[in-house]
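Grab the model and your favourite viewer, and let's work through a few exercises. Try each task yourself before you read on to its solution.

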Amino acid sequence: MDGQDAVRLAGARVWIDGIVGTGVRGPLEGALADAVRALAALKRSAGPAVVAVDVPSGLTDARGEVPGPLLPAEVTVTMGAHKEALVLPPAAGYAGRIERVDLGLGPADAERTPPVALHTAASAAAHYPAPTSEDHKYTRGVVGVVAGSDTYPGAGVLAVRGALASGAGMVRLNSTRRVEDLVLAAEPGVVTAGGRIQAGLIGPGLDEARRAEALELAEFCLEAGLPLVIDAWVLDLVPGLVDRTRPAALTITPHYGEAARLLTALGSPTTRARVGDAPLSAAQSLHELTGATVVLKGAATIVYGAARTTPADGGAPGRARACGPEQGDGPERGHDPGGARNREGSGEPREDTHDPGGARGPEAPSSPGEPRGRDSARAIVAPLGCGWASVAGSGDVLAGLVAGTHAGARARRERDGADVHDPVAEAAAAVWVHGEAARLAARARHAPGQPIQARQIADAIPPVIGGILGA
Ligand SMILES: NC(=O)C1=CN([C@@H]2O[C@H](COP(=O)(O)OP(=O)(O)OC[C@H]3O[C@@H](n4cnc5c(N)ncnc54)[C@H](O)[C@@H]3O)[C@@H](O)[C@H]2O)[C@@H](O)CC1
Ligand SMILES: Nc1ncnc2c1ncn2[C@@H]1O[C@H](COP(=O)(O)OP(=O)(O)O)[C@@H](O)[C@H]1O
């Protein structure tokens with residue numbers, strides 16, 4: 001590019017970038033790299049809108065990594081299927097608005113098949129069915145929550161509100177008196193007594209004083225084969241739990257910082273920056289090391305885990321678990337958060353913790369550190385989120401929503417005697433709904449939007465779910 005080219009380009013309001021397409025792999029090199037670098041610099045100063053053809057030049061990596069110089073676009077017009085580089089972070093951040101043009105090559109052209117799929121309203125809707133006349137709160141799902149502490153009381157409120165917004169029938173909360181009072185003032189339907197649950201959530205806003213209760217609920221869920229979501233600070237419990245869990249029962253929801261810490265604790269040392277450079281690989285490693293469904297939160301959140309699973313992976317359906325004293329139809333033992341709080345040593349692993357179904361799933365390892373989730377794994381990526389979602393407490397709402405979504409799915413399996421479940425799709429549905437709720441709250445669907453707080457994301461979840469069910 002000579003001086004004259006630069007003057008001509010600087011005068012244009014729109015550039016069409018068709019320099020390099022999907023056929024190139026690895027970083028651009030030589031003259032091509034120099035040209036793209038110069039164009040990117042000129043774009044920064046001259047400010048044209050760039051419309052990329054198929055992919056922005058330089059986005060050459062199918063795993064969404066950014067290997068070298070590239071020309072960011074405002075709009076990418078992509079032919080046929082979404083390319084991985086357009087949906088996976090961090091590459092997705094350079095593609096702008098995606099316009100897909102159908103070339104008429106048939107369904108395979110339009111939809112990306114595994115390993116990376118893009119979540120949509122239609123795929124989310126299946127996980128939030130409207131209750132029928134046959135339903136009651138236990139068929140809609142009950143979530144046991146250990147969240148919030150005197151250090152972080154607000155996170156308890158936000159996680160509970162996320163769980164309730166999923167459409168779950170009930171939330172049972174075990175927290176400090178202060179948090180419980182705050183939650184009950186906001187949501188009087190929440191129950192603080194022990195009893196039957198269909199999924200658990202531990203993590204949002206916990207501190208050291210709440211660790212024993214978190215571990216107690218985690219062990220209860222894992223023993224009973226109930227879905228368990230682990231978030232935030234207690235993700236450090238994961239290395240000690242994975243050998244005892246059926247892989248499909250566990251969902252973990254780290255942000256990049258937490259993912260780096262957890263990978264390091266699992267014997268795969270890394271840093272937050274390296275997770276950010278290659279989030280798909282980080283999510284994959286976390287899944288392989290734990291067997292869990294991994295929700296790796298970022299501007300575009302990746303959900304990575306095993307394909308559909310059977311009862312052996314995630315607990316037998318139809319077996320109502322965790323009944324407290326008020327539930328007559330329950331199983332052997334209930335989850336009693338109120339009681340646990342006062343029991344000495346309740347945080348210690350119990351003698352009777354074992355696999356009641358006698359199975360830990362085909363992917364369960366025989367020894368720690370062995371990869372667990374290698375077979376039939378897949379990733380679902382939510383579209384690039386609305387930046388206003390990156391506010392304190394947003395992840396706490398998401399953790400509650402994921403747990404509520406798992407609880408609803410589990411309850412329906414119990415009701416219907418169904419034996420296959422899809423924790424990746426359930427978690428991805430929650431991520432998609434959370435992203436849409438942030439967009440709705442921030443009024444950012446077709447505009448830059450406005451600042452929001454995490455509670456507004458929780459408030460916007462029900463209308464988002466209502467919208468996809470009515471569509
Ligand atoms: N209202 C509340 O009570 C809130 C409580 N919260 C709780 O606060 C505790 C600490 O959470 P933090 O995440 O702040 O602390 P962390 O200790 O996880 O964060 C430490 C470092 O991680 C990195 N990091 C944090 N968020 C990141 C992100 N989204 N992406 C990439 N890197 C990131 C940053 O380098 C940060 O300095 C958690 O228990 C959490 O649940 C937060 O959720 C905020 C709201
Ligand atoms: N730039 C961004 N654009 C869109 N969403 C984001 C962005 N950054 C973070 N998020 C989302 O915001 C939430 C933040 O969660 P987390 O880091 O756990 O925060 P907290 O602990 O404060 O709740 C996640 O759902 C994440 O996907």
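What follows is a set of exercises on the sheets, the ligands and the backbone of this structure.

**Ground rules.** This is a predicted model, where local features need pLDDT of at least 70, side-chain atom pairs count only at pLDDT 80 or more, and totals for chains, interfaces and linings use all residues. Residues are numbered from 1 along each chain as its sequence is written, chains are lettered from A and ligands numbered from 1 in the order in which they are written, and side-chain values use heavy atoms, with hydrogens and water left out.

**Exercise 1.** Work out the order and the edges of the four-strand sheet.

*Step 1.* Get the terms straight: strands (E, at least two residues) and helices (H or I, at least four) are DSSP runs numbered from the N terminus, and two strands pair if DSSP finds at least two bridges between them.

*Step 2.* The order reads E1-E2-E3-E4, an open sheet with parallel pairing.

*Step 3.* E1 (14–17) and E4 (97–101) each have a single partner strand, so one side of each lacks a neighbour in the sheet. From one strand to the next, the twist averages 20° (axes are lines fitted to C-alpha atoms, for helices over the stretch in contact, with angles from 0 to 180 degrees between N-to-C directions).

*Step 4.* Zoom in on E3 (residues 75–79): five bridges tie it to E4 in the parallel sense. Thr78 sits opposite Arg100 of E4.

**Exercise 2.** Do the same for the nine-strand sheet.

*Step 1.* This open sheet runs E5-E13-E12-E11-E10-E9-E8-E6-E7, and its pairing is mixed.

*Step 2.* The edges are E5 (116–118) and E7 (170–173); each has a single partner strand, so one side of each is left without a neighbour in the sheet.

*Step 3.* For an antiparallel pair, take E11 (residues 293–296) and E12 (residues 302–306), joined by three bridges. Val294 has Tyr304 in E12 as its bridge partner.

**Exercise 3.** Find what holds the oxygen atoms of ligand 1 in polar contact.

*Step 1.* List the shell (residues with a heavy atom within 4 Å): 15 residues surround ligand 1, and among the closest are His255, Arg261 and Asp396. Helix H11 (256–265) is one of the helices that supply at least two of them, and H11 gives the largest share, four residues.

*Step 2.* Check polar contacts (pairs of N or O atoms within 3.5 Å; within protein, one must be able to donate a hydrogen and the other to accept it, and residues adjacent in sequence count only if both atoms are side-chain atoms). A polar backbone atom of Gly205 is 2.8 Å from a ligand 1 oxygen, a polar side-chain atom of Arg261 is also 2.8 Å from an oxygen of ligand 1, and a side-chain N or O atom of Asp396 is 2.7 Å from one.

*Step 3.* On its own ligand 1 has 830 Å² of accessible area, of which the protein covers 57% (Shrake-Rupley method, 1.4 Å probe; for residues, only the protein chains shown count as cover).

**Exercise 4.** Which backbone atoms make polar contacts with ligand 2?

*Step 1.* Of the 18 residues around ligand 2, the nearest include Lys297, Thr301 and Gly393. Helix H16 (residues 394–416) contributes the largest share, four residues.

*Step 2.* Oxygen atoms of ligand 2 lie 2.9 Å from a backbone N or O of Gly393, 3.2 Å from one of Ala389, and 3.2 Å from a polar backbone atom of Asp396. The protein buries 76% of the 580 Å² that ligand 2 exposes when taken alone.

**Exercise 5.** Where is the cis peptide bond?

*Solution.* Pro89 and Pro90 are joined by it, with omega about 0°. Pro90 belongs to the loop between helix H3 (84–87) and E4.
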